[in-house]
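Here is a set of exercises for reading a protein fold from its parts. Keep a pencil at hand, and try each task before you look at its solution.

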Amino acid sequence: MLNMTFEELSGDYSQERMDTVVKALEEVLTSALPQGCITVGVYEAAKSLNVDPDNVVLCILATDDDDIKDVALQIHFTLIQAFCCENDINILRVNNTRRLAEILGGGGKQSGGEPLDLHCVLVTSPLSTSWKDPALSKLNRFCRESRCMDQWVPIINLPER
C-alpha cells in the first residue's frame, strides 16, 4: 500500500465507490419492489412522470450494447432525461439490462412470457410515508456529486453475478 501511486489509490477508491453505488442501487430496487414503488417501461414511465413527477425519487435508464444504435430509444431517453432534469429527479444510466432484470426478479419477463421493457425504470416514493432509505440517500449523494463534476447522467456498470 505504501508503494502505490496516487492514480492507483484513486482507482481503488473509485472502484470501491462504484461498488458501494451498485450495492445501494440493488438495495433500493429490492426494497421498492415489494412496496409497489417500481414503474417499468419507457411508455409507462412517461405516463407516470406526466401524472405525478413529485413522487418519483429515481429514474434508471438501462441499455445493452445493441441499444446504442436504437435511435428511437435514444430520443426517448433524451426526452426523459430533460424532463427529469427539469423536475429535479435523479437519473442513472445502467449498462446491463439482464442484471437489472435479475435484481427486479422475474428474469425480465411479464406474466404472459413477454419481455419487460427494462430500458426505463422509475422508483417512486410510497404514498403512505416519506421514504427514508439509507441506500437511496447514497444514490442521491452520488448523483449530486456527479452533477457537480458535470456528469448529469452518471453511468453505472452492473456486474454479472
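The exercises below go from the whole chain to its sheet, its helices and a few single residues.

Before you start, note that this is a predicted model, in which local features need pLDDT of at least 70, side-chain atom pairs count only at pLDDT 80 or more, and totals for chains, interfaces and linings use all residues. Residues are numbered from 1 along each chain as its sequence is written, and side-chain values use heavy atoms, with hydrogens and water left out.

**Exercise 1. The whole chain**

Find how many helices and strands the chain has, and in what pattern they follow each other.

Solution.
- Step 1: Use the DSSP runs, numbered from the N terminus: helices are H or I with at least four residues, and strands are E with at least two.
- Step 2: Counting them gives 5 helices and 5 strands.
- Step 3: Along the sequence they follow the pattern α-β-α-β-α-β-α-β-α-β.
- Step 4: Now look at burial, where buried means under 20% relative accessible area, exposed over 50%, and partly exposed in between (1.4 Å probe, protein chains only). Of the 161 residues in the chain, 40% are buried.

**Exercise 2. The sheet**

Work out the order of the strands in the sheet, and which strands stand at the edges.

Solution.
- Step 1: Strands of a sheet pair through backbone hydrogen bonds, either parallel or antiparallel. Here two strands pair if DSSP finds at least two bridges between them.
- Step 2: Begin with β1 and β4, which are antiparallel over 3 bridges. Ile38 has Val123 in β4 as its bridge partner.
- Step 3: β4 also pairs with β2 in the antiparallel sense, over 5 bridges. Here Val56 stands opposite Thr124 in β4.
- Step 4: β2 is joined to β3 (residues 91–94) by 4 bridges, and these two strands run parallel. Ile60 faces Leu92 in β3 as its opposite residue.
- Step 5: Put together, the 5 strands form an open sheet in the order β1-β4-β2-β3-β5, with mixed pairing. The edges belong to β1 and β5; each has a single partner strand, so one side of each is left without a neighbour in the sheet.
- Step 6: Check the cover of β2: 6 of its 7 residues are buried.

**Exercise 3. A helix with two sides**

Which residues of helix α2 are buried, and which are exposed?

Solution.
- Step 1: In α2 (residues 42–51), the buried residues are Val42, Ala45, Ser48 and Leu49.
- Step 2: Look down the axis of α2: the buried residues fall within an arc of 125°, so they line one face of the helix. The arc is that of the directions from the helix axis to the C-beta atoms.
- Step 3: The face turned away from the buried side carries the exposed Tyr43, Lys47, Asn50 and Val51.
- Step 4: Find what the buried residues pack against: β1, β2 (56–62), α3 (71–86) and β4 (120–124).
- Step 5: Move to Thr39 in strand β1 (residues 38–40). Thr39 is buried, with a relative accessible area of 16%. Leaving out residues up to four places away in sequence, Thr39 touches Glu44, Ala45, Ser48, Cys120, Val121 and Leu122, where contact means heavy atoms within 4.5 Å.

**Exercise 4. The helix α5 and its ends**

Describe α5 from its N-terminal cap to the residue just after it.

Solution.
- Step 1: At the N-terminal end, Asp133 caps α5, with a side-chain oxygen 3.0 Å from the backbone nitrogen of Ala135.
- Step 2: α5 (residues 134–148) has 15 residues and reaches 21 Å from its first C-alpha to its last, close to the 21 Å expected at 1.5 Å a residue. The expected span is 1.5 Å times one less than the number of residues.
- Step 3: The buried residues of α5 are Ala135, Leu136, Leu139, Phe142, Cys143 and Ser146. Seen down the axis of α5, they fall within an arc of 120°, so they line one face of the helix.
- Step 4: Pro134 and Cys148 are exposed on the other side of α5.
- Step 5: Just after α5, Asp150 takes a positive phi of about 60°.

**Exercise 5. Two positive phi values**

Where do Asp88 and Asp150 lie, and are they buried or exposed?

Solution.
- Step 1: Most residues other than glycine have a negative phi.
- Step 2: Asp88 has a positive phi near 55°, and its place is in the loop between α3 and β3. With 72% relative accessibility, Asp88 counts as exposed.
- Step 3: Asp150 lies in the loop between α5 and β5 (155–156). Asp150 is exposed too, with a relative accessible area of 63%.

Terms used. Polar contact = N/O pair within 3.5 Å; in protein donor to acceptor, adjacent residues only side chain to side chain.
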